[in-house]
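Dear colleague,

Please find the structure below, handed over for your own inspection. My notes on it follow.

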Amino acid sequence: MVVDAAVAVAELRATFASGKTKSYEWRVSQFKAILKLTNEHEKDIIEALRSDLNKPEYEALLYEICGVKKSAKLALKELRRWMTPEKAKTSLITFPSSAELVSEPLGVILVISTWNYPFLLSFEAIIGAIAAGNTVVLKPSEIAPATSSLLSKLIGEYMDSSALKVVEGAVPETTALLEQKWDKIIYTGSEKVGRIVAAAAAKHLTPVILELGGKCPVIVDTKINLEVAARRLISGKWGCNSGQTCVSPDYILTTKEFAPKLVDALVWELEKFYGKEPLKSPDLSRIVNSSHFNRLTKLMDNEKVSGKIVHGGQRDKTTLKIAPTILLDVPEDSLIMNEEIFGPLFPIITVDKIEDSFNVINAREKPLAAYLFTNDKTLQEEFVESVSAGGLSINETTLHSATLTLPFGGVGESGMGSYHGKYSFDAFSHKKPVLRRSFVGEVAARYPPYTPKKQRFLQAFLDGNIIDIFRALFGW
Amino acid sequence: MEEIVARVGKNLAELRQNFRSGRTRGLEWRKTQLRAILKLVAENEDEIFEALNRDLGKHPAEAYRDETSSSNYITESSCLGLLSSFLPRFMAEAATVVLVGKLPLLLFPAKAEVLPEPLGVVLIFASWNFPISLALDPLIGAISAGNTVVVKPSELAPACSSFLARIVPLYLDNKAIKVVEGGSDVAEKLLEQKWDKIFFTGSARVGRIIMSAAAKHLTPVTLELGGKCPIILDSLSGSDLKVAVKRISGGKWGACAGQACIGIDYVLVQQKLAPVLVELLKKCIKTFYGENVKNLNSICRIVNKNHFERVCNLLEDPGVAASIVYGGSFDKQNLLIEPTILLDPPLDADIMTEEIFGPVLPIITLNEVEESIEFINARPKPLAIYVFTKNKTFKEKVLQETSSGSVIFNDTMIQFICDGLPFGGVGQSGFGRYHGKYSFDTFSHEKAILKRSFFLELEPRYPPWNGFKLEFIRLAYNFDYIRLLLLLLGLRRRYTSRIVI
């Protein structure tokens, strides 16, 4: 179905102008619709994700389906509170007055979603936009076609299509959408396209949320529970869409001495998780398409690093699978260390002292996430203070992004703006300050002609200096 | 030009290095700089008034109210904020510690918090109409958040610009805070660099240019733009109406002669009230500002010849000229335009489609005051809407059915000095906000932090997955502890796969 971008926007603007989406009841009805479609079509969703990504049922269930349900349930529970105006402080200067912040929707939101968590990332943004009372256009990723068409079908069937539309397609359709004027755009994807979205938004002065990526480092210290750490590392790397996750740990930093032990622990646990022939394990996602598959094999086969593979390296072009691969001591100027890997390759960079890792990280672009495994409290403190990233997890990977009470977003090249939970509601709202005054409490000194006496009074008044106010009033 | 490029590049490299060194992150450094700003303003007040008078003909009372006093209380509240959160981790009030109870059992034990951190090197563009406060207020925010800063004052207010360039290095740490003067050529060179944030106050046209330049580097921006800020005037009692008219006159002509982003652009009023309104406004103008354009007092002039001609041209439209009911004369030599009132100028004239930014006040009459809502909604969202009314229902209607940066009931302009309120626009009037703690927030990155220990591992997290593990995780993730218990006791069936592999 070809949807004309301008026509879609015009229709949504009319719906928004009617005020329908502002009502609490309408918003609640849409959350309920999302829960319903998720429950009734769980099988279809899992199948679509299996088709697009060979996503293991576990991952589909936990990260995508449970993730969406959790967000919708949280919104249902909290919406009333979120919509309540916030009281604001006023000062003596404006006495008598009262002030508050009223949340209002922005209008028409464009959600450009991505292919790796196509169901979750589409609905996470939609839930936020609807919670705030907006109308929405969703542009799902064409790189996950089964999920894209399922989203179009289910949203069309279950949700209010006068307020929520799905526009499928690729670059031409996205470009047409970006030419329209939106009240906010949320884009999840690469830095390169992020710049294009920001430039298009600039023409209309449209604010944006850019959820990009980056090379998320993980520092592994000594004197830790290596077994648990290895499992969490594996879970965050290969257990998340085979490393094709914006918050997956991209590379490891550890000391030269500790590296062999770490590799051993990882290899040991990897076999427990995925067996001796990981390419045959049903619990591993495949690479999304042949273009990314080729990109990753090129990274692995690059002459600077191919000799550094200490585990894995197997690949199957027909099934687009790459086995969990660990590389040790890759050179920092290799290709694999200069682009976001977004795949099942895990390079280890070794340093002399663990503290040196901070310099390695800070010399690079700010990532979406950074991780540290350590029991050393001082190291933890230093990490939190000196490493700038969208978010941090200590002794864990990726899970800060699943915590709905934390804002999820990047900084620098990893993005701008944040969402999840109440942050979503805030991101898609305008918090309008409202100041109420009455006609009493007139201060003549406000008005010209400005005499020296008025000026003294005004100065004292604005300074809040009671004594000077009196002095000015009585001409002392 | 090469000299400018070299200068800008050198400044930026220095600021980056100094930021990396951690110089600006300590509580003491920030407090020292903020106190220095207070001192700068207090010790140079006369010179500031002199510069404002030269650039805009601004009266010291206006200058005090709108430019120098705002630094005072903004700094006080920032300082107090910093002081009250004594911890090495700044802004305890901003670091939200989330209780374990809100995290899924899956993560127990864990601690989650949000830590504000500085963005890095920040660029602030100040506008010419409030050249001191629009430079210092964002600077205060950037400093309290721990950033290094370049301030680019507007070249259209040259006396203030050179004042800032000269005085700031004498009071503030010039390894971390720099003032770069110049025109659009310098601005262009600055915009080619990569910044961690750009804060811009000015017009929508230039806002687009700034945002496009920022997009190349994925630099977040705050745009404080403008718009046509309307007044809705409902019917009021005699005494209330007199107060309203004073506030309207003071707000329109008493703030940089209408050259203010939140300045009143036009008035919407019911037709039958228009004559009284016009009469009262005339009286007020005469009392406040005088009668003859040659003898105007307590009012700013137009900033320069370009803007002067722009405003005069707006009045030259025949339909507009015919609607003048008061004023309309100007003093070209002194760049003064008389406070002018229009009654029902044509709605398609430039004066009703562009932001006036001058001392001309159109009054648009309606059959009913409720029509004002539709009128406003047919136009871009303004930075502020001012509503004079005592009717509670109407107040609610305006709040719910219009959108603007802010809404003020029964006064004008005054939201600017309320530190507890965020100051910013929506739609074409901009995005992002500042003032008070919002300034701190706008120049910070809120970093999410999750801390776990190695204790208590949950096996079901890990593959190979089976029905038991899947059901366990599902229930744990949804805080469904009762069913989880049943599962563990073997009283609940395991998850069965939905799909055929």
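In chain B, the C-alpha centres of domain 2 and domain 3 lie 65 Å apart. This is a predicted model, and the values here are computed from it. The domain assignment of chain B gives domain 1 as 2–225 + 436–446, domain 2 as 229–424 and domain 3 as 458–501.

Active site, chain B

The UniProt record, an unreviewed entry, lists B:Glu224 and B:Cys261 under "active site". They are spread over 38 residues of sequence but cluster in space, with a largest C-alpha distance of 8.4 Å. Of this set, B:Cys261 belongs to the lining of the largest cavity.

B:Glu224 sits in strand E7 (residues 221–224) of chain B. Its relative accessible area is 3%, so B:Glu224 is buried. Leaving aside neighbours within four places in sequence, B:Glu224 has contacts that include B:Phe199, B:Phe200, B:Thr201 and B:Gly202, as well as B:Phe423, B:Gly424 and B:Tyr434.

B:Cys261 is in the loop between helix H9 (238–253) and strand E9 (264–270) of chain B. B:Cys261 is also buried, because its relative accessible area is 15% and the cut-off for buried is under 20%. Not counting residues up to four places away in sequence, B:Cys261 touches B:Asn129, B:Leu225, B:Gly226, B:Gly227, B:Cys229, B:Glu355, B:Phe357, B:Leu383 and B:Phe423. B:Phe423 thus appears in the contacts of B:Glu224 and in those of B:Cys261.

Active site, chain A

For chain A, UniProt (unreviewed entry) places the feature "active site" at A:Glu211 and A:Cys246. These span 36 residues in sequence, yet no two of their C-alpha atoms are more than 8.7 Å apart, so they gather at one spot. A:Cys246 from this set is part of the lining of the second largest cavity.

A:Glu211 lies in strand E7 (residues 208–211) of chain A and counts as buried at 2% relative accessibility. Beyond its neighbours within four places in sequence, A:Glu211 is in contact with A:Tyr187, A:Thr188, A:Gly189, A:Phe408, A:Gly409, A:Ser414, A:Gly417, A:Ser418 and A:Tyr419.

A:Cys246 is found in the loop between helix H9 (226–237) and strand E9 (251–255) of chain A. At 17% relative accessibility, A:Cys246 counts as buried. Residues up to four places away in sequence aside, A:Cys246 touches A:Asn116, A:Leu212, A:Cys216, A:Glu340, A:Phe342, A:Leu368 and A:Phe408. A:Phe408 is thus a contact of A:Glu211 and of A:Cys246.

A sheet with strands from both chains

Ten strands form an open sheet with mixed pairing, in the order E1(A)-E2(A)-E20(A)-E16(B)-E15(B)-E8(B)-E9(B)-E14(B)-E13(B)-E10(B). At the edges stand strand E1 (86–88) of chain A and strand E10 (324–326) of chain B; each has a single partner strand, so one side of each is left without a neighbour in the sheet. From one strand to the next, the twist averages 25°.

Within the chain B part, strand E13 (residues 340–343) and strand E14 (residues 360–366) run parallel and are joined by four bridges. There, B:Ile341 stands opposite B:Leu361 in E14(B).

Helix H15 (residues 392–401) of chain B packs on the sheet. The helix touches strand E2 (97–105) and strand E20 (429–437) of chain A, together with strand E8 (229–233), strand E15 (384–388) and strand E16 (406–409) of chain B. The direction of H15 makes about 155° with that of E20(A).

Regards

How values were computed. Residues are numbered from 1 along each chain as its sequence is written. Chains are lettered from A and ligands numbered from 1 in the order in which they are written. This is a predicted model: local features need pLDDT of at least 70, side-chain atom pairs count only at pLDDT 80 or more; totals for chains, interfaces and linings use all residues. Side-chain values use heavy atoms; hydrogens and water are left out. UniProt positions are given in the numbering used here, feature names are shortened, and annotations may be inferred rather than shown by experiment. On a 1 Å grid over the protein atoms alone, a cavity is a set of points where a 1.4 Å probe fits but cannot get out, and a pocket is an open set with protein on both sides within 12 Å along at least five of seven lines; lining residues have an atom within 4 Å of a point. Helices (H or I, at least four residues) and strands (E, at least two) are DSSP runs, numbered from the N terminus. Buried means under 20% relative accessible area, exposed over 50%, partly exposed in between (1.4 Å probe, protein chains only). Contact means heavy atoms within 4.5 Å. Two strands pair if DSSP finds at least two bridges between them. Axes are lines fitted to C-alpha atoms, for helices over the stretch in contact, and angles run from 0 to 180 degrees between N-to-C directions. Domain bounds come from an automatic or database domain assignment.
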